[in-house]
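I opened this model to make a short set of notes. The entries follow the order in which I looked things up.

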Amino acid sequence: MAKVTSIIDVYPIDSDFKKDESGGFILDEHGFVIPDRGSNADALRDVMKTFFSSGVFADRGDELAVISSGGTWKVGTGIAMADGLRIPVEEPAEVIGQEEIGAGEYAYICIAGRFETQLRDGGIYPVVTSSPAYEPVRDGSTYELVLARIDWRGTMTDYRLDPSMCGVAAPFESIDTDSFMLELYTAVSQFNLNVGKVSSLPSGSTPEVVVRKPIMAGGEVYIDFGIPRGAPGEPGQSAPGLYIQEDRPTEPSEGAVWMGTNPDTRQIEQIEVYELKGTYPDEFYPDEAYPDGTIKWVPYTIDPSLITGSQS
């Protein structure tokens, strides 16, 4: 028998109030209406943790920099994310005076999400100790980010970029490019590349090779070429050409490039250049072609480091 399961513990969604069979609201022992579903900030914080790592947001106010002014240490403006709790600091906050840090002591400047019933806030405070090392408190009720350490001599050590103490709030998880690089090296070694854009650049420009990352995992790799135009040739001479086709050209110009493709997959399977080795024939050899050299198609391969260094 078919069955439909209703899951009401979803968040966020509008809540309603429980009703009895007559349609009236059900009240608790204190006379308050009872909601039909329970929800709290834990669910939303869990969503926030999925999207952002804990730390200081870059380019927001003073980025919570710890500075000294008139002998008092302050935390500048900015925004922190502490275990899914967004903590905005809209005005510089005074934390501790330098004279309050005794000889041989250290003050660790913290910004924290505090989830205890009696607090439920974001706190900025110092932790003064004689230890030169400190481990942030992250026990479920408090989640500390340590912005800096100040010693009794007034020397400040910035911890904002230290991921074990604070770190920078970043969207999602870091992107792992290793799998793409493996796909790229494999594609280059096997010429398993799709021809993308082939553009003409002004004469004398630097050639461009751009590899486009697959849109999805396991997708095809496309390579774009920017090829400089050659200098004008002598009258009656044709400029070298670029051929991207299945069959090798039969009467190319010297310097022509042929990229042999598979018509079914539209992938490059070989690259050759029509090269002259030796000297041109002259009037002493009117009926012989290139007596001191050869002209033929020469196969080439792509140096993976060239592509890796040019990718975008």
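Entry 1, overview. I took helices (H or I, at least four residues) and strands (E, at least two) as DSSP runs, numbered from the N terminus. On that basis I count three helices and 17 strands in the chain. The model is a predicted one. Of the 312 residues in the chain, 30% are buried. I also looked at contacts with a separation of 6 or more: residues 24 or more positions apart account for 52% of them.

Entry 2, confidence. The mean pLDDT of the chain is 79, and 73% of the residues score at least 70. Which elements have the lowest and the highest mean pLDDT? Helix α3 (residues 304-310) is lowest with 56, and β9 is highest with 96. Over residues 308-312 the pLDDT stays under 50, and there the model has 10 contacts beyond four places in sequence.

Entry 3, cysteines. I searched for disulfides and found zero. Why is cysteine 110 without a bond? Its closest cysteine sulfur is that of cysteine 166, 9.8 Å away, which is too far for a bond. The cut-off I applied is 2.5 Å between the sulfur atoms. Cysteine 166 is likewise in no disulfide, the sulfur of cysteine 110 being the nearest to its own. I then checked burial, with under 20% relative accessible area as the limit. Cysteine 110 is buried at 0%, and cysteine 166 is buried at 3%.

Entry 4, nonpolar cores. The largest nonpolar core has 22 residues, and those that touch the most other members are Leu64, Val66, Ile111 and Leu147. Which elements give two or more residues to this core? They are β3 (72-75), β4 (78-82), β5 (85-89), β6 (93-97), β7 (106-114) and β9 (142-151). β9 supplies the largest share, five residues. A second core, separate from this one, has 10 residues, among them Val209, Val211, Ile223 and Ile302.

I listed the contacts of leucine 64, leaving aside neighbours within four places in sequence. They include Ile111 and Leu147, both named above among the core members that touch the most others. Val56, Val75, Ile79, Ala80 and Val89 are also in contact with leucine 64, as are Gly76, Thr77, Gly78 and Arg160.

Entry 5, the sheet with β4. Three strands make an open sheet, ordered β1-β4-β5, with antiparallel pairing. β1 (55-56) and β5 are at the edges with a single partner strand each, so one side of each has no neighbour in the sheet. Between β4 and β5 I find five bridges in the antiparallel sense. Within β5, valine 89 is the residue opposite glycine 78. Both Gly78 and Val89 are on the contact list of leucine 64.

Entry 6, β15 and its partners. Is β15 largely enclosed or left open? Five of its six residues are buried, so the rest of the structure largely encloses this strand. Strand β14 (residues 242-245) runs parallel to β15 and is joined to it by four bridges. Here glutamine 245 stands opposite glycine 260 of β15. Strand β16 (residues 267-277) runs antiparallel to β15, with six bridges between them. Threonine 261 has isoleucine 268 in β16 as its bridge partner. The hairpin of β15 and β16 has four residues between the strands, and in it arginine 266 takes a positive phi near 55°.

Asparagine 262 lies in β15 (residues 257-262). Beyond its neighbours within four places in sequence, asparagine 262 is in contact with Gln267 and Glu269. With glutamate 269 there is a side-chain to side-chain polar contact of 3.0 Å.

Entry 7, isoleucine 26. Where is isoleucine 26 found? It is in the segment before α1 (41-51). Isoleucine 26 is partly exposed, with 32% relative accessibility. Not counting residues up to four places away in sequence, isoleucine 26 touches Lys18, Lys19 and Asp20, and also Phe32, Val33 and Ile34. I also took one distance: aspartate 36 is 10 residues from isoleucine 26 in sequence, and their C-alpha atoms are 9.9 Å apart.

How values were computed
Residues numbered from 1 in each chain as written. Predicted model: local features only at pLDDT ≥ 70, side-chain atom pairs only at ≥ 80, totals over all residues. Heavy atoms only, no water. Buried < 20%, exposed > 50% of the residue type's maximum accessible area, 1.4 Å probe, protein only. Core = buried A, V, L, I, M, F, W, Y, C linked by side-chain atoms within 4.5 Å. Contact = heavy atoms within 4.5 Å. Pairing = 2+ DSSP bridges. Polar contact = N/O pair within 3.5 Å; in protein donor to acceptor, adjacent residues only side chain to side chain. pLDDT = per-residue confidence, 0-100.
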